[in-house]
Amino acid sequence: FLAGFGSFMQDVLWCFSQVKGTIDTGVTEADIISTVEFNHTGELLATGDKGGRVVIFQREQESKNQPHRRGEYNVYSTFQSHEPEFDYLKSLEIEEKINKIRWLPQQNAAYFLLSTNDKTVKLWKVSERDKRPEGYNLKDEDGRLRDPSMITMLRVPVLRPMDLMVEATPRRVFANAHTYHINSISVNSDYETYMSADDLRINLWNFEITNQSFNIVDIKPANMEELTEVITAAEFHPHHCNTFVYSSSKGTIRLCDMRTAALCDRHAKCESAP
């Protein structure tokens, strides 16, 4: 059986079903993709690049003429998520590169996602609009304000059909909570909180509060010369909102339970390479 399976694998030809973007050698630094993320249904694929842009691809409906061929992904929306900044207190330039993207479960017709660079996390709303309001009382059709003295009757605004437009709008900006570069963001299963991790700390955020976060992991030593490891990634459990894991540069994975203490400096379990 194994011999037959081996001959079968030799006959299998793997190839790309779809390639997006150019494959030229002259790609600019800003066009280099730094992160990719599917949403929960696989209908949307978001990519972030070093230029701070987010490009969302949507899977088209499968063709009835070719039922065995999966739908292809085409560009759905493109927007500028982050811009380059400068920290004047530390004389440090903050790159616009997108480090991570995380989707929130869809609750209505709109989509929500988190994107982060080294210092700032943003919550984006991506929605469709195929109608526009017309017939305002205080504005004309060009959007200019009308003279109130010239208004002799009140009109009821109506919605008119228009070409489909996909809009991306920032709903929250979570900043000024990380001294070091953010390497991970993870949405909690309660869908009310998420965490962001940098080299030495992990912070817990509420989606409705942008000016305050709670530090749940801090591995920074009192003397930085004694630093022996840094945090490389962090992730919430997919079902238990109190449980999360984080990994370190020492090759260890620590499981933490937020019910034990506000600061999870003592992990519940640690896995390390032999």
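Reader: Which strands each supply at least two residues of the lining of the largest pocket?

Author: This model is predicted, and its largest pocket is lined by 17 residues. Among the elements of the chain, those that each supply at least two residues of that lining are β1 (33-38), β2 (44-49) and β3 (53-59).

Reader: Which strand gives the most to the lining of the largest pocket, and with how many residues?

Author: The pocket in question has a volume of about 450 Å³. Its lining draws at least two residues from each of β1, β2 and β3. The strand that gives the most, with 4 residues, is β2.

Reader: Which residues lie nearest the centre of the largest pocket, and how many residues of each class does the lining have?

Author: Lys 20, Gly 21, Thr 22, Asp 31 and Ile 33 lie nearest the centre. Ile 33 also falls at the start of the range given for β1 (33-38). By class, the lining has 6 nonpolar, 6 polar and 5 charged residues.

Reader: Why is one side of β11 and of β14 left without a neighbour in the sheet?

Author: The open sheet has 4 strands in the order β11-β12-β13-β14, with antiparallel pairing. In that order β11 (184-187) and β14 (214-218) stand at the edges, so one side of each is left without a neighbour, and the reason is that each has a single partner strand.

Reader: By what angle are neighbouring strands of the sheet β11-β12-β13-β14 turned against each other on average?

Author: The pairing in this sheet is antiparallel. With direction ignored, the average turn between neighbouring strands is 20°.

Reader: How many residues lie between the strands of the hairpin formed by β11 and β12, and which residue in the turn has a positive phi?

Author: The two strands run antiparallel and are joined by 4 bridges. Across this pair, Val 187 stands opposite Tyr 194 in β12. The hairpin has 5 residues between its strands, and the residue in the turn with a positive phi, of about 60°, is Tyr 191.

Reader: Over how many bridges do β12 and β13 pair, and which residue in β13 does Ser 196 stand opposite?

Author: β12 and β13 form a hairpin with 3 residues between them. Strand β12 (residues 193-197) and strand β13 (residues 201-206) pair in the antiparallel sense over 5 bridges. The residue opposite Ser 196 is Asn 203.

Reader: Are the two faces of β12 buried or exposed?

Author: On one side of the strand stand Thr 193, Met 195 and Ala 197, and on the other Tyr 194 and Ser 196. The count for the strand is 5 of its 5 residues in the covered state. Both faces are therefore described by one word, given that a residue under 20% relative accessible area is termed buried.

Reader: Which strand gives the most to the largest nonpolar core?

Author: This core has 14 residues, and Met 195, Ile 202, Ile 216, Val 217, Phe 244, Tyr 246 and Met 258 have the most contacts inside it. At least two residues come from each of β12, β13, β14, β15 (231-236) and β16 (243-248). The strand that gives the most, with 3 residues, is β15.

Reader: Which strands stand at the edges of the sheet β7-β8-β9-β10?

Author: This open sheet has 4 strands with antiparallel pairing, and its twist averages 25° from one strand to the next. A strand at the edge has a single partner, so one side of it is left without a neighbour; these strands are β7 (100-103) and β10 (158-174).

Reader: How many bridges join β9 to β10?

Author: Strand β9 (residues 121-134) and β10 run antiparallel. Within the pair, Leu 123 stands opposite Arg 172 in β10. The number of bridges that join the two strands is 13.

How values were computed:
Residues numbered from 1 in each chain as written. Predicted model: local features only at pLDDT ≥ 70, side-chain atom pairs only at ≥ 80, totals over all residues. Heavy atoms only, no water. 1 Å grid on protein atoms, 1.4 Å probe; cavity = no way out; pocket = protein on both sides within 12 Å on 5 of 7 lines; lining within 4 Å. Points joined across faces, edges and corners; volume = space filled by probe spheres on them. Nonpolar A, V, L, I, M, F, W, Y, C, P; charged D, E, K, R; others polar. Pairing = 2+ DSSP bridges. Axes fitted to C-alpha atoms, helices over the stretch in contact; angles between N-to-C directions. Core = buried A, V, L, I, M, F, W, Y, C linked by side-chain atoms within 4.5 Å. Buried < 20%, exposed > 50% of the residue type's maximum accessible area, 1.4 Å probe, protein only.
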